[in-house]
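Trainee: I should like a close look at one part of this structure, namely the aromatic rings and what surrounds them. Please set that part in the context of the whole chain.

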Amino acid sequence: DSTASSSFSSSADSVLFEAYNNLGGNLLMEGLPEEAVETLERGLRLEAGEAQLYFNLGLAYRKLPSPRFAEAVAHMRTALRMSPANRDYYWELARTYNYLNRTADMVATLDGMNRNTLGLWGPGVGGPQVDDYIHRTSPFQQAGREAPRRPQEARGDADADRGRQKAVIVYLCCADEEELRDLHFSLAALHRHFNARYQYPTVVLHDRLTPEDEASLSRAFAGSAPLLRFERIQLDFPPDMPNATRASIPAKLYLAGHQWSLGYRHMSHFFCDGFYHLPAFRG
């Protein structure tokens, strides 16, 4: 009958939506954003009420060779309005604003994420109110409308010298091209807002950067470029670990309710030991 037919159709659409959403997410992880966009748009035509679908589609638009940033922002904002408790939605929306040099929007979004993490929204605050706070009433939006002061004008150079510590700023990069893009933005912001004045040495640890990448990152660091150093590292087993021991270590470790990849454990070991023996940190 018509009722049974309608119920079957709704159930089938739900299953298809999940399939499109999962396939789109996998295509993104495989570095195929064009295919992901096509797949996720099909899923959206089946189900327009699922936040994760809007979020994944926003990521796919952003990851295109010619990013469609306006659509990425619109879809991520929709996802956040639908599910304002999801930390990932705040984080990726903030990253997108960073790529667009929309600093006030980026900081206001991160402020929203912090408020969500600390449970500061209060009862009755839903997605539309969160979106309004981020894009209109956040104090960081008001600060962004004011004429910015250069950090050098805030205090004298003698104060900057007294405030310096014996330290180095360290980055570990990059898992993919998007993280490399993030590093360009981060180095530019670090120079503009901090290092132009305080002049800290900065080291980028990596296992994949090309000479062209290093030159581009140095340009992003602008006047602080002479303080920038690159150090190639290898995240691996300790060199003195026997092969039999290496073979016995699982690729994935399940502990305390989390899954820890072998790469993550290599990184943790590196920061506990090998990190302190690098040439960049001697003396």
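**Tyr-99 and its surroundings**

Mentor: Let us begin with a charge and a ring: Arg-181 lies over the face of Tyr-99, at 4.4 Å from the ring centre. Please keep in mind throughout that this is a predicted model.

Is Tyr-99 buried or exposed? Its relative accessibility is 7%, so Tyr-99 counts as buried, the limit for that class being under 20%.

A search of the whole structure finds 11 aromatic pairs. Tyr-99 belongs to one of these pairs, with Phe-185 as the other member; the two ring centres are 5.4 Å apart, the planes make an angle of 50°, and the pair is classed as tilted. Which parts of the chain does this pair link? Tyr-99 lies in helix H5, which covers residues 87–99, and Phe-185 lies in helix H10, so the pair links distant parts of the chain, with the two positions 86 residues apart.

Helix H10 leads us to the sheet. Three strands make up an open sheet with parallel pairing, in the order E1-E2-E3. Strand E1 (169–172) and strand E3 (228–232) each have a single partner strand and stand at the edges, so one side of each has no neighbour in the sheet. From one strand to the next, the twist averages 20°. Strand E2, residues 202–206, runs parallel to E3 and is joined to it by 5 bridges. Within this pairing, Thr-202 stands opposite Leu-228 in E3.

Two helices pack on this sheet. Helix H10 spans residues 177–198 and touches E1, E2 and E3, and its direction makes about 170° with that of E1. Helix H11, residues 211–220, touches E2 and E3, and its direction makes about 155° with that of E3. Helix H10 thus has a place in both accounts: it packs on the sheet, and it carries Phe-185, the partner of Tyr-99.

A further aromatic group deserves attention. Phe-270, Phe-271, Phe-275 and Tyr-276 form one aromatic cluster. Inside this cluster, Phe-275 and Tyr-276 make an edge-to-face pair, with 5.1 Å from centre to centre and 90° between the planes. The two members of that pair fall into opposite classes of accessibility. Phe-275 counts as buried because its relative accessibility is 14%. Tyr-276 has a relative accessibility of 56% and therefore counts as exposed.

There is also another charge placed over a ring. The charged end of Arg-115 sits over the ring of Tyr-133, and the distance to the ring centre is 4.9 Å.

For a buried residue that is not aromatic, consider Thr-39, which is found in helix H2, residues 33–46. A relative accessibility of 10% is why Thr-39 counts as buried. Apart from neighbours within four places in sequence, Thr-39 is in contact with Tyr-20, Leu-23, Gly-24 and Leu-27.

Finally, the whole chain gives the setting for these details. The protein chain contains 13 helices and 5 strands. Of its 283 residues, 34% are buried. Among contacts between residues at least 6 apart in sequence, 63% join residues at least 24 apart. The accessible surface of the chain comes to about 16500 Å², and carbon and sulfur atoms account for 54% of that area.

Technical notes:
Residues numbered from 1 in each chain as written. Predicted model: local features only at pLDDT ≥ 70, side-chain atom pairs only at ≥ 80, totals over all residues. Heavy atoms only, no water. Pairing = 2+ DSSP bridges. Helix = DSSP H or I, 4+ residues; strand = E, 2+ residues; numbered from the N terminus. Axes fitted to C-alpha atoms, helices over the stretch in contact; angles between N-to-C directions. Contact = heavy atoms within 4.5 Å. Buried < 20%, exposed > 50% of the residue type's maximum accessible area, 1.4 Å probe, protein only. Areas by Shrake-Rupley, 256 points an atom, 1.4 Å probe, with all protein chains shown as cover. Phe/Tyr/Trp six-rings, centres within 6.5 Å; stacked < 30°, edge-to-face > 60°. Lys NZ or Arg CZ within 6 Å of the ring centre and 35° of its normal.
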